[in-house]
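Trainee: Could you take me closely through one part of this model, the long helix and what packs against it? I would like the definitions and cut-offs stated as you go.

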Amino acid sequence: ATLAVLASAATLMLDPPKHLNATDVLMLAWVGAWLVLTMVLFNFAASVNIKVTRLPALLAAVNFGFEIDHNKAYVVANMSTGDAGLKMYNVRIDRVAILKV
C-alpha cells in the first residue's frame, strides 16, 4: 500500500495535472510528512550513535575507587574495538550518511 501511494505521488510530481483535487493534495501531504518523519528518525539515530561513540572515553574516565581496575579496562577496550551503534544495511547511521540519502 505504501509503495502504491509513493508511486502515485511520484506520478503526480513528474506529470502534474492542471488542478489537484483534495485526494491528491492529501496524498502529497502524507508522503511529505512520511519523508520528514523518516529524516527526523534518522537524525535521532545519528545522535544516539554519536553518544555511543563517546561512551568508552566516559567509562575510562570514571573512577570506581580501585587503583587499577582490569575489569573496567577490559570493558572499555571491548567497547572501543566493537562496532556498536545503529546501522542500516551494515552502514552506520551518522549525519553524513543521512545527507547522502
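Mentor: Confidence in the chain is highest in H2, at a mean pLDDT of 84, and lowest in H4, at 75, where pLDDT is the predictor's confidence in each residue on a scale from 0 to 100. For the chain the mean pLDDT is 79, and 96% of its residues reach 70 or more. Where pLDDT is low, the predicted coordinates should not be read in detail. This is a predicted model, in which local features need pLDDT of at least 70 and side-chain atom pairs count only at pLDDT 80 or more, whereas totals for chains, interfaces and linings use all residues. Residues are numbered from 1 along each chain as its sequence is written, and side-chain values use heavy atoms, with hydrogens and water left out. The helix and strand labels refer to DSSP runs numbered from the N terminus, with helices (H or I) of at least four residues and strands (E) of at least two.

Consider H2 and its packing partner. Two packed helices are described by the angle between their axes and the distance between the axes. The axes of H2 (residues 22–61) and H3 (residues 70–81) come within 9 Å and cross at roughly 170°, and therefore H2 is roughly antiparallel to H3. Here the axes are lines fitted to C-alpha atoms, for helices over the stretch in contact, and the angles run from 0 to 180 degrees between N-to-C directions; under 35 degrees counts as roughly parallel, over 145 as roughly antiparallel, 65 to 115 as roughly perpendicular, and the rest as oblique. On the H2 side the contact is made by Leu-55, Pro-56, Leu-59 and Ala-60, and on the H3 side by Lys-72, Val-75, Val-76, Met-79 and Ser-80, contact meaning heavy atoms within 4.5 Å. By class, seven of these residues are nonpolar, one is polar and one is charged, where Ala, Val, Leu, Ile, Met, Phe, Trp, Tyr, Cys and Pro count as nonpolar, Asp, Glu, Lys and Arg as charged, and the others, Gly among them, as polar.

Within H2 itself, Asn-49 counts as buried because its relative accessible area is 3%, while Lys-51, also placed in H2, counts as exposed at 60%; buried means under 20%, exposed over 50%, and partly exposed in between, with a 1.4 Å probe and protein chains only. Leaving out residues up to four places away in sequence, Asn-49 touches Gly-85, Leu-86, Arg-92 and Ile-93. Gly-85 also lies 9.2 Å from Lys-51, C-alpha to C-alpha, although 34 residues separate the two in sequence.

One of those partners, Arg-92, belongs to strand S2 (residues 91–92) and is partly exposed, at 25% relative accessibility. With the same sequence neighbours left out, the contacts of Arg-92 include Asn-49, Val-52 and Thr-53, together with Asp-83, Ala-84 and Ala-97. By contrast, the C-alpha atoms of Arg-92 and Glu-67, 25 residues apart along the chain, are separated by 36 Å.

Ile-98 then brings in helix H4 (residues 95–100), and this residue is buried, with a relative accessible area of 11%. Beyond four places in sequence, Ile-98 touches Met-39, Phe-42, Asn-43, Ala-46 and Ile-93. The C-alpha atoms of Ile-98 and Ala-22 are 32 Å apart, with their positions 76 residues apart along the chain.

Finally, Leu-20 sits in the loop between H1 (2–14) and H2, and is partly exposed at 43% relative accessible area. Leu-20 touches Leu-12, Val-25 and Leu-28, again not counting residues up to four places away.
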